Amino acid sequence: MTGTTNRKASANWRLGARAWFCFDAFIAFAAMYWAYPLSPYFHVLARPGWTPHLGQSTAAILFGALVAVSSQIFGLHNPLLPRNFWSMFVRSVGSAVLALGVFSVLVFAVLYRRIGRFILTQAFLYTPLLMALVRILVWKQSEQHTQRLLLLGAGRAGQLVRALIKQSGMPLEVVAFVDHKPELIGRSLGNNAVLGGQQSLQELCLGLDIDEVVTCIGGKISEEAMRQLMECLSLGVRVSDFANFVERNFFQVPVENIRAEWFLQADLELTQPLYLGLKRGTDIATALLGLVLGGPLLLLAAVAIKLESRGPAFYSQVRAGLHNRPFRILKLRSMRLDAEKDGPRWARGSDHRVTRVGNFLRRTRLDEVPQFWNILRGEMSVVGPRPERPEFVEKLAGEIPFYNQRHLVKPGLSGWAQINYPYGASVEDALSKLKYDLYYIKNSSPGLDLQIILRTLGAMMKGAR
């Protein structure tokens, strides 16, 4: 019992997006703050009334905030980011470059202050190095304190958990399965044995040094199994059901393994006035800014479309909106005029119907700039599930459980599925995206909206769609 409790206290070395945001902000703040006393001209900068230079604390706070935001743009706060050193280091350098560029513009062009080149250089050098160092330390600690799991049920749900863990590379380890089906007992699923009921769950948790038991069985849990799970709780072992475990660790909802009761138990705050008011205000402000800044780009894009192929530069298409109400979405035309001569078809990542100009517009997402008008009209939001065509909605709703429930919120210009799942065009892809859409619907908040917006900017910078 003591061993399990001690492991429990030290096992969770996996930081979330908010923790990484604070870490990066503090690292950049410290790098800029200590770059001042390291400067050979610090004795001059420290004189009272020396106003031409930006103050030490002001510079550190501003730089810290910019690095935290740019790190989010570069995806450094994604807990599922692969643990590859060079990829992480390149992202850290990129976020420092972006933050330093914006910082310089604000200092010199907006605040009309000066700041030493030595200070900027030192802050730029220290920031990505410290960000990389902190991440390596956290990775090492998480590897030393991998969370050990016991899966109750060796069926499809249990094997899905094992596959998700293997795919993500997260510090989680499936120690064994427990199942009472005679045909499964004694078998080996991968490297994990399927245990029977010779020992109680409490004894297994103590003997195998388990941190968490995950129930991966369909239907109602028996009274005996529930009693044993409560005994595990008394040991300090965490007990989770399959859906909550997947949602907490992989930021998606396993649609195939939930029932209609999930939507009642989720306590969806879809009508919270304060959040909806803030979201609508943000939508209006963002739409106005997007139309003003994107106006010249829309004009250039329209000219390029007309020069390459005949037909209109803009087009509209019916999509399913809030509560499945249809509306017309506006887009720049990126395909040939005869793209749907054989009927509606899903757009694919490499689609021969896309023109050369259209390919550029789609990769940079400039084709979606006209949708700021839909946002201004209240038909869409900046963040939400991407709107689908009614023809496809009818087909998908018949094949995928709870597909229509993605219409509980307004569709968005970008969404949780778009930044977590690659471009796809099949029923299987729609099912995978629905898992992320339902996660957003349940966990929607200003913080999650901001995270999606910033990571969308990063995808646009990379030309990903």
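The exercises below, each with a worked solution, concern a single chain whose structure is a predicted model.

**Exercise 1. Describe the chain as a whole: how many helices and strands are there, and what percentage of the residues is buried?**

Solution. Begin with the secondary structure, where the chain shows 18 helices and ten strands. Turn next to burial: of the 465 residues in the chain, 47% are buried. The accessible surface of the chain amounts to about 23300 Å², and carbon and sulfur atoms account for 61% of that area. Finally, look at how contacts are spread along the sequence: when residues at least 6 apart are considered, 74% of their contacts join residues at least 24 apart.

**Exercise 2. Find the largest nonpolar core and state which of its residues touch the most other members.**

Solution. The largest nonpolar core holds 46 residues, and within it Trp416 and Leu438 touch the most other members. Helix H17, which spans residues 427-443, supplies the largest share of this core, namely eight residues. Taking Leu438 and leaving aside its neighbours within four places in sequence, one finds contacts with Val253, Val255, Ile258, Trp262, Phe263 and Gln405. Apart from this core lies another one of 25 residues, which includes Leu54, Leu66, Ile119 and Met131.

**Exercise 3. Work out how helices H5 and H6 pack, giving the angle and how far apart their axes are.**

Solution. Locate the two elements: H5 covers residues 85-110 and H6 covers residues 117-144. Their axes are 9 Å apart and make an angle of about 145°, and the crossing in which H5 passes H6 is right-handed. Then list the residues that meet: from H5 these include Phe85, Met88, Phe89, Val93, Leu100, Phe103 and Phe108, while from H6 they include Leu120, Phe124, Leu129, Met131, Ile136 and Trp139. Smaller or polar-looking names should not be passed over in the inspection, and the meeting residues also include Ser92, Ser95 and Ser104 in H5 and Arg135 in H6.

**Exercise 4. Decide whether Gln147 is buried or exposed, and identify the partner of its side chain.**

Solution. Gln147 belongs to strand E1, residues 147-152. Its relative accessible area is 6%, and because buried means under 20%, Gln147 counts as buried. The side chain of Gln147 makes a polar contact with the side chain of Glu212, at 3.4 Å.

A second glutamine can be set beside it. Gln56 is found in helix H4, residues 56-73, and a polar atom of the Gln56 side chain lies 2.7 Å from the backbone oxygen of Tyr33. Gln56 and Pro37 are 19 residues apart in sequence, and their C-alpha atoms are 9.2 Å apart in space.

**Exercise 5. Examine the phi angles of His323 and Arg365, and say where each residue is found.**

Solution. Most residues other than glycine have a negative phi. Against that background, His323 has a positive phi of about 55° although it is not a glycine, and Arg365, likewise a residue other than glycine, has a positive phi near 65°. His323 is found in the loop between strand E7 (314-320) and strand E8 (326-332), whereas Arg365 is found in the loop between helix H13 (356-364) and helix H14 (371-376). With a relative accessible area of 9%, Arg365 is buried.

Arg365 also appears among the contacts of Ser414, a residue of strand E10, residues 412-414. Ser414 is buried because its relative accessibility is 5%, and, residues up to four places away in sequence not being counted, Ser414 touches Arg365, Val382, Val383, Gly384, Arg386, Ile419, Ile452 and Thr456.

**Exercise 6. Classify Arg325 and Glu394 by their relative accessible areas.**

Solution. Arg325 is found in the loop between E7 and E8, and Glu394 is in helix H15, residues 390-399. The cut-offs are under 20% for buried and over 50% for exposed, with partly exposed in between. At 49%, Arg325 is therefore partly exposed, while Glu394, at 66%, is exposed.

The surroundings complete the answer. Arg325 touches Arg319 and Ala320, not counting residues up to four places away in sequence, and the C-alpha atoms of Arg325 and Glu379, 54 residues apart in sequence, are 9.5 Å apart in space. For Glu394, the C-alpha atom is separated by 8.9 Å from that of Asn404, ten residues away along the chain.

How values were computed: Residues numbered from 1 in each chain as written. Predicted model: local features only at pLDDT ≥ 70, side-chain atom pairs only at ≥ 80, totals over all residues. Heavy atoms only, no water. Helix = DSSP H or I, 4+ residues; strand = E, 2+ residues; numbered from the N terminus. Buried < 20%, exposed > 50% of the residue type's maximum accessible area, 1.4 Å probe, protein only. Contact = heavy atoms within 4.5 Å. Areas by Shrake-Rupley, 256 points an atom, 1.4 Å probe, with all protein chains shown as cover. Core = buried A, V, L, I, M, F, W, Y, C linked by side-chain atoms within 4.5 Å. Polar contact = N/O pair within 3.5 Å; in protein donor to acceptor, adjacent residues only side chain to side chain. Axes fitted to C-alpha atoms, helices over the stretch in contact; angles between N-to-C directions. Left-handed = near helix turned anticlockwise from the far one by under 90°.
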